[in-house]
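Visitor: I am new to this structure and would like to learn how to read it, one feature at a time. Could you guide me through it?

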Amino acid sequence: MSRSGIGYDLHRLAAGRKLVLGGIEVPFEKGPVGHSDGDALAHAICDALLGAAGLGDIGTHFPDTDPKWKDAHSLRLLEHVRSLLEERRLRIMNLDAIVITERPKLGPHFSAMREALAQALGIEASRINLKAKTNEGVGAVGRGEAIAAQAIATLES
Ligand code: MG
């Protein structure tokens, strides 16, 4: 049986913070605000995987209030989701994701992101597809005040 799930995330951006995306640091003058590393792509993928598995969402598994996950690197969250899938004998068939931001250009970083995400999830990088879009200058993302990501995952049992 095959099962699909979707995920979405958005983080506000502020000057002088590290931009962590897809498990790697991308050189940029702004980064996400928040108590985690603010990796919008990894968080959207977590939610897509949890959704496909019927396991709720990222807030259920990694609450802000749990010191265990405070300041956790988002790849650790993906590793935990991977263990939840493995316990249920669910295999990741593929992931597809979109990162929406005006800047920086992400294409040159996709290969490193796919490798980092694939390693955390225990799958081949060829099962992960990443895309970048701008928001055409519209709204908070268009003004560079936020970064957003969407993901879809397909699992097989
Ligand atoms: Mg998030």
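Visitor: Let me begin with the strands: in which sense do strand 5 and strand 7 pair, and over how many bridges?

Guide: Before answering, I should say that this is a predicted model. Strand 5 and strand 7 pair in the antiparallel sense, and nine bridges join the two; one place to look is Leu95, whose bridge partner in strand 7 is Ala153.

Visitor: And in which sense does strand 5 pair with strand 6?

Guide: There the pairing is parallel, over six bridges, and you can locate it at Ile100, whose bridge partner in strand 6 is Lys133.

Visitor: Which strand is joined to strand 7 by 11 bridges?

Guide: That is strand 1, which runs antiparallel to strand 7 (residues 146-156), with Arg3 facing Leu155 as its bridge partner there. Strand 1 also pairs with strand 4 (residues 30-32), again in the antiparallel sense, over three bridges, and in this case Ala14 has Gly31 as its bridge partner.

Visitor: How many helices and strands does the whole chain have, and in what order do the elements run?

Guide: The protein chain has five helices and seven strands, and from the N terminus on the order is β-β-β-β-α-α-α-β-α-β-α-β. The radius of gyration is 15 Å, close to the 15 Å that the globule rule gives for 157 residues, so the chain is as compact as a globular protein of that length. Among contacts between residues at least 6 apart in sequence, 71% join residues at least 24 apart.

Visitor: How should I read the interior, and which residues touch the most other members of the largest nonpolar core?

Guide: The general idea is that in soluble globular proteins, nonpolar side chains tend to be buried together. Here, buried residues make up 48% of the 157 residues, and the largest nonpolar core has 50 residues, of which Leu41, Ile45, Leu49, Leu78, Leu95 and Met113 touch the most other members. Among the elements that give two or more residues to this core are helix 3 (74-87), strand 5 (91-100) and helix 4 (110-121), while the largest share, 11 residues, comes from helix 1.

Visitor: What does Met113 touch, leaving aside residues up to four places away in sequence?

Guide: With those neighbours left out, Met113 touches Leu21, Gly22, Ile24, Val26, Leu41, Leu106 and Leu130.

Visitor: Let me try a single residue of strand 5: is Ile92 buried or exposed?

Guide: Burial is judged by relative accessible area, and the cut-off for buried is under 20%. Ile92, which is found in strand 5, has a relative accessible area of 8% and is therefore buried. Not counting residues up to four places away in sequence, the residues that Ile92 touches include Leu49, Leu85, Leu121 and Thr154. Sequence separation and spatial separation can be read side by side for Ile92 and Glu124, which are 32 residues apart in sequence and 9.9 Å apart in space, C-alpha to C-alpha.

Visitor: Finally, which residues coordinate the magnesium ion?

Guide: The ion is coordinated by Asp9 through OD, His11 through NE2 and His43 through ND1, at 2.1 to 2.2 Å, and along the chain these donors follow the spacing D-x1-H-x31-H. His11 lies in strand 1 (residues 2-15) and His43 in helix 1 (residues 40-53), so that this pair, 32 residues apart, links distant parts of the chain. Both His11 and His43 are buried.

How values were computed:
Residues numbered from 1 in each chain as written. Predicted model: local features only at pLDDT ≥ 70, side-chain atom pairs only at ≥ 80, totals over all residues. Heavy atoms only, no water. Donors = N, O, S within 2.8 Å, 3.2 Å for Na, K, Ca; no water. Helix = DSSP H or I, 4+ residues; strand = E, 2+ residues; numbered from the N terminus. Buried < 20%, exposed > 50% of the residue type's maximum accessible area, 1.4 Å probe, protein only. Pairing = 2+ DSSP bridges. Core = buried A, V, L, I, M, F, W, Y, C linked by side-chain atoms within 4.5 Å. Contact = heavy atoms within 4.5 Å. Rg over C-alpha atoms; globule rule 2.2 N^0.38 Å.
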